[in-house]
Amino acid sequence: MKRIFILLLCLCVMLIPVRAATSEKLVALTFDDGPSGRYTRKLLEGLEERNAKATFFLCGYRMEQDRSLTQRIFQEGHEIGLHGYSHKPMQNMCQPDVLQELKKSVSLLPEGCEAVFLRCPGGTCSRCTCQAAAALGLSLAYWSVDPRDWATDNADAIEKEVLNHVQDGDIILMHDMSGSSVEAALMIVDELLEEGFRFVTVSQLAAHKGITPVPGTIYPRFSQKN
Ligand SMILES: [Zn+2]
């Protein structure tokens, strides 16, 4: 009996690290519309302090305005995704126009930075957009948690909305375009780190879930591949 008990105890000890490894909760925080000369630096400082990585879907015209801030985002280990050059909706654009928007944005990426994901402005895309994205090897990253941070200046409400819905594998949509969004994002990071979540880029999230993004395909979140 004692031997069986010891054997069971050993098995339990062996299983603990395996369970911990597979139950790791990952989440991707994403920020659209930047970089913002007014807010992005504060966000980057906060993310650095918390060792959290995020994904920034940058507008080409804003990258053009602040090349050093774009460079800093990349250098600090965050992922840069495309959000069009002009931020005009893409769903009614013809394919050559979408391609032009995307190519112009790609040309503004820091050296060594390769965009894997596109998020269409306003989250609206057409078959044409997906085809243009596919032609450039881009997948489309959407979101599964949207606190509509752009519609409020109440950081607590933004935080609450995210915390009420977030799950392992989620992509959270935010904007680094206001003080309340940045404040809320850092509060969310603090809270979820305490709950055992880890903040990774969208590409890292896909890789951890065993998924290779297919160009032209839309991904609202990444859950474990079966
Ligand atoms: Zn946008």
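Along the chain, the donors of the zinc ion follow the spacing D-x49-H-x3-H, in a model that is predicted. The protein donors are Asp33, through OD, and His83 and His87, each through NE2, and these atoms lie 2.0 to 2.1 Å from the zinc ion. Asp33 and His83 link distant parts of the chain, 50 residues apart: Asp33 belongs to the loop between E1 and helix H2 (40-49), whereas His83 is found in the loop between strand E3 (79-82) and helix H5 (95-106). Both of these donors are classed as buried, since their relative accessibilities, 17% for Asp33 and 1% for His83, are under the 20% limit that defines this class.

Beyond the metal site, eight salt bridges are present in the structure. One of them joins the side chains of Glu24 and Arg198, with a distance of 2.6 Å from N to O. This pair links parts of the chain that are distant in sequence, as Glu24 is placed in the loop between helix H1 (2-22) and strand E1 (25-32) and Arg198 in strand E7 (residues 197-199), a separation of 174 residues. Glu24, with a relative accessibility of 30%, counts as partly exposed, and Arg198 is likewise partly exposed, with a relative accessible area of 33%.

A salt bridge is also formed between the side chains of Arg221 and Asp170, where the distance from N to O is 2.9 Å. Because Arg221 lies in the segment after strand E8 (218-219) and Asp170 in the loop between helix H7 (155-165) and strand E6 (171-175), this pair ties together parts that are 51 residues apart in sequence. The two partners fall into separate accessibility classes: Arg221 is partly exposed at 26% relative accessibility, whereas Asp170 is buried, with a relative accessible area of 4%.

The side chains of Arg50 and Glu49 meet in a further salt bridge, for which the distance from N to O is 3.6 Å. These two residues also take part in a network of salt bridges in which Glu49, Arg50 and Asp190 are linked. Within this network, Glu49 is exposed, its relative accessible area being 65%, while Arg50, at 21% relative accessibility, counts as partly exposed. The value for Arg50 is 21%, and the residue is therefore not assigned to the buried class, which requires a relative accessible area under 20%.

Methods. Residues numbered from 1 in each chain as written. Predicted model: local features only at pLDDT ≥ 70, side-chain atom pairs only at ≥ 80, totals over all residues. Heavy atoms only, no water. Salt bridge = Lys/Arg side-chain N within 4 Å of Asp/Glu carboxyl O. Helix = DSSP H or I, 4+ residues; strand = E, 2+ residues; numbered from the N terminus. Buried < 20%, exposed > 50% of the residue type's maximum accessible area, 1.4 Å probe, protein only. Donors = N, O, S within 2.8 Å, 3.2 Å for Na, K, Ca; no water.
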